[in-house]
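Reader: I'd like to go through the aromatic contacts with you. Could you show me the model and explain the labels as we go?

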Amino acid sequence: MVASGRRQENRRLLTKIAQGGRDPALTGPFVNPPVVHASTVLFGDVDSMRPGGQPYVYGRIGTPTTEALESAITELEGAESTVICPSGLGAISAALLALLSSGDHLLMADNVYDPARTLATTLLARMGVETTFFDPTIGAGIESLMRETTRVVYLESPGSLTFEMTDIPAIASVAHARGALVVADNTWATPYFCRPLALGADVSLMAGTKYIGGHSDVMIGTVAAAPSAFARIREAYVTLGLCVGPDDIFLALRGLRTLGVRLEHHMRSGLAVARHLAGRPEVAAVLHPALPDHPGHALFERDMDGASGLFGVVLDGWSREKTNAFLEALSIFSLGYSWGGFESLAIPARLNRTATRWDAAGPLIRLHVGLEDTEDLIADLDAAFARVDNLA
Ligand SMILES: *Cc1c(COP(=O)(O)O)cnc(C)c1O
């Protein structure tokens, strides 16, 4: 699917995933870092209390537990540094609050995670930041939307409901020429399959809640930044008082250690399910960037080493009622927001777009293919198709 040299490069990440953040100075003889519950940190003398006087000064500012996850993500994303946020949305808001000021203009792709849009149209708008939404497939055409005041281009490739791919290198080269920074939501691919900073983005953020945690039991976000953005991200992080408890960081770090093997399985099984669905007469389109007929497939091949387990399915001319009945007829796929855990999930997609029109042959659903047996998942979908066959 992807050139074999690239896949080989990708497998080397397995070693980084196993070793990242394991500094013996933090862990001692143990494999994993201590789970440090701390507010107060003690100093031996007054001189150590000056800035930079000792490595740890206060629980909120960082502990050996935080540092282990930060440095593992930094290494995987190829970043200058990383901050860990209380959720994926917290990572988005921290990054945008760090990089935008009153009077600035933000360009945001039309297909991004909807709460990112809400942040732009409420809090950021009230602070005097103006947002223009853009067609995620615009590429170098973003030039026509750039203003003197444009400071950030925010994108998510592929968008996690409609799966258009965005040309990060083309957008980054236009943005950088105009003095703007590029922020990419990398939740779908994770650094195992895509490194947005290497493609030209200045910030790569993730909902670690999804594939990093991987077990549907932790809310966490990561913001990995290049030197062009890091100082402002760190300043906002400390100033806003963001921090994450050590138990949640531990869960994320524990999840991270199996990221590669889980994603390889999500990719294989997700593609098998996607190909099966593409052959069903009820399905008008399967929105999966790794399938050759996907409009973003060439960008996917160029920029990514593989695909995760999340994709969209357009049901041909179905009514909303029939779609809902289908979703409720599934028994291994459960109804639930979020994704990236070990379990399969399905949702009806509700789209909120303003810059582009979504024209599809029917309602869109989104599937997350988990780690269950692929044949069981396919049988579950086929049984649900049979159950709703007589519905209008
Ligand atoms: C879920 C999600 C987020 C937000 O993550 P939370 O941890 O739920 O706040 C951000 N971006 C994408 C693409 C997501 O799917």
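Author: Happy to! Trp318, Phe326 and Phe385 form one aromatic cluster. Keep in mind that this is a predicted model.

Reader: What makes Trp318 and Phe326 an edge-to-face pair?

Author: The rule for a pair asks for ring centres within 6.5 Å, and planes over 60 degrees apart count as edge-to-face. Trp318 and Phe326 are at 5.6 Å centre to centre with 75 degrees between the planes, so they meet both conditions.

Reader: And why is the pair of Phe326 and Phe385 called tilted?

Author: Their centres are 4.6 Å apart, and the angle between the planes is 40 degrees. That angle is neither under 30 nor over 60 degrees, so the pair is tilted.

Reader: How do you know that this pair links distant parts of the chain?

Author: Phe326 belongs to helix H12 (residues 320-329) and Phe385 to helix H13 (residues 374-388), with the two 59 residues apart.

Reader: Why does Trp318 count as buried?

Author: Buried means under 20% relative accessible area, and Trp318 has 11%, so it qualifies. Phe326, at 1%, is buried too, and so is Phe385, at 2%.

Reader: What makes Arg117 a charge over the ring of Phe133?

Author: Arg117 lies over the face of Phe133 at 3.9 Å from the ring centre, and that distance is within the 6 Å limit.

Terms used:
Residues are numbered from 1 along each chain as its sequence is written. This is a predicted model: local features need pLDDT of at least 70, side-chain atom pairs count only at pLDDT 80 or more; totals for chains, interfaces and linings use all residues. Side-chain values use heavy atoms; hydrogens and water are left out. Rings of Phe, Tyr and Trp (its six-membered ring) pair if their centres lie within 6.5 Å; planes under 30 degrees apart count as stacked, over 60 as edge-to-face and the rest as tilted. Buried means under 20% relative accessible area, exposed over 50%, partly exposed in between (1.4 Å probe, protein chains only). Helices (H or I, at least four residues) and strands (E, at least two) are DSSP runs, numbered from the N terminus. A charge sits over a ring if NZ of Lys or CZ of Arg is within 6 Å of the ring centre and within 35 degrees of the ring normal.
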